[in-house]
Amino acid sequence: MQNQDNTLGSKDFTQLHKDFKNTPKSDLLTRIVAQNGINQAAQDPDAAVRLDPVFSVDLQTGTVTNQKQSGRCWLFSLVNTLRHAFAKKYKVKDFNLSQKYLFFWDKIEEANIFYDHILATATRPADDREVAFYLSLPGGDGGQWAMAAALVQKYGVMPASQYPETSNVENTGAFDTVMSRKLRIDGMKLRDMVNAKKTDKEIAAARKQMLSEVYRITAYSFGEPPTTVNFEYRDDDKNYHQVSGLTPQKFYDQYFGVDLDDYVVATNSPDKALNKLYSMPSEDNVVGGRHIEFLNLPMMTLKKAAIAQLQAGETVWFGNDVLEQMDRKKGYLDSHLYRYSELFDADLEMDKAKRLAYHQAMVSHAMTLAGVDLVAGKPTKWKVENSWGDKNGVKGYFTMSDDWMDDYVYEVVVHKKYLSKAQQELLKQAPIELPAWDSLA
């Protein structure tokens, strides 16, 4: 095959044209698809019936949040689960925590651990696969649940009213560009120092100065976060409350009291062995903080645990590939929403394991499960709280079919009590380390 001449010529073009014209209704389909768009032409109208937003288990979580032009979904989704618990316990409808507060500290911590990775790999070439991963987008927004948990555990939380959203966190493009350039330059300098045999003291001093500059850029862009919580509110019964003088860590401990170490990232990644614990140290964000770990389990286990947590009145963080089979405006997530194979008369189907192995799949988004519809004890559709504002879906809520969960949900974060004792025992095993370029990254 390597010696075969595959140059396209006039005979090939003639045959391609002939094949196209011999396709039944090619002219009709061209008019339909070209004038209306692929998704409009491929959308199944019955999806509206399947995704009717009525749920037998329906948590009332209030107004949705809006991450706007940023990649902070992983933070929004964790903060959503925390704010729901506060709103319920203290009767404060639509209470919100500051996503910007955690995002600020993530930028500092991410730079700090980036320097660790760069120094550890400094003798490798710049195009080494792991080095290239660290240099690919060092100032980006994305993250994992464990990264958000590590930030909460170290820095606590802050009411949104005390450290509200501002321009550079609502639209992070310019900040990310500056920070990525800054960190790549820092990485280059640190690698040069190592390879020039500079002393540990000299490298440490340079690193300290670099981190000071990262802090300055972040503080100019976001404003420095408060160090104490001074918070006033009225509950839903109009009673006045005041919280003052608490550190963000003590505020979290006193008013939330959720031990995030009790929660497990249950993963369904069928390209890997099931019932195994995996880690991804390349994406840890806090030196000395919580590590990114996944317990890979059958999809039915993820659903069972998520349903149990919802029935107990607690929402569920979940990681997914929202870019697949999604209608943003209508708030539809359905595996059969767009019938591409039928429209184009071509095989466009892959199973979940193959999508992961061949880079068709990715964990592109995090959202929150806020309900489920059970028929004869089995889930048919799920209520999803997104962080794209109230102009998408039904006031910001999406409806997800159960088969979309099978196909495009990769992680749910549940309390370990909702796993069997045998599954909890798996958490004690030494995790299998995944490379930086794994499909779950």
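Okay, let's start with a small strand pair: β1, residues 57–58, runs antiparallel to β10, and 2 bridges link them. By "pair" I mean that DSSP finds at least two bridges between two strands. Within that pairing, Asp-58 has Gly-371 of β10 as its bridge partner.

Before going on, a word on what you're looking at. This is a predicted model, so local features need pLDDT of at least 70 and side-chain atom pairs count only at pLDDT 80 or more, while totals for chains, interfaces and linings use all residues. Residues are numbered from 1 along each chain as its sequence is written, and side-chain values use heavy atoms, with hydrogens and water left out.

Let's step back to the whole chain. The protein chain has 17 helices and 14 strands; these are DSSP runs, H or I of at least four residues for helices and E of at least two for strands, numbered from the N terminus. The C-alpha trace spans about 75 × 65 × 45 Å along its principal axes. How does the radius of gyration look for 441 residues? The protein chain has 24 Å, which agrees with the value near 22 Å for a compact globule. That radius is taken over C-alpha atoms, and the globule rule is 2.2 Å times the number of residues to the power 0.38.

Of those 441 residues, 49% are buried. Buried means under 20% relative accessible area, exposed means over 50%, and partly exposed is in between, using a 1.4 Å probe and protein chains only. And if you take contacts (heavy atoms within 4.5 Å) with a separation of 6 or more, 77% come from residues 24 or more positions apart.

Now back to β10, residues 365–375. What share of this strand is buried? It's 9 of its 11 residues, so to speak mostly covered. Besides β1, it pairs with β11, residues 378–385, in the antiparallel sense with 7 bridges. There, Leu-374 has Pro-379 of β11 as its bridge partner. The two strands make a hairpin with 2 residues between them, and Ala-376 in the turn has a positive phi of about 55°.

Then there's β7, residues 316–320, which pairs antiparallel with β10 over 5 bridges. Asn-320 stands opposite His-365 in β10, and Trp-317 stands opposite Thr-368. β7 also runs antiparallel to β13, joined by 4 bridges, with Phe-318 opposite Val-412 there.

So which is β7, enclosed or open? Since 5 of the 5 residues of β7 are buried, it is largely enclosed by the rest of the structure. In a regular strand the side chains alternate between the two faces of the sheet. In β7, Val-316, Phe-318 and Asn-320 are on one side, Trp-317 and Gly-319 on the other, and all are buried.

Last stop, helix α8, residues 145–155. This one is mostly covered too, with 9 of its 11 residues buried. Among them are Trp-145, Met-147, Leu-151 and Tyr-155. What do the buried residues of α8 pack against? The list includes helices α5 (73–90), α6 (99–120) and α12 (248–255), and on the strand side β4 (263–267), β13 (409–415) and our β7. Just after α8, Gly-156 takes a positive phi of about 70°.
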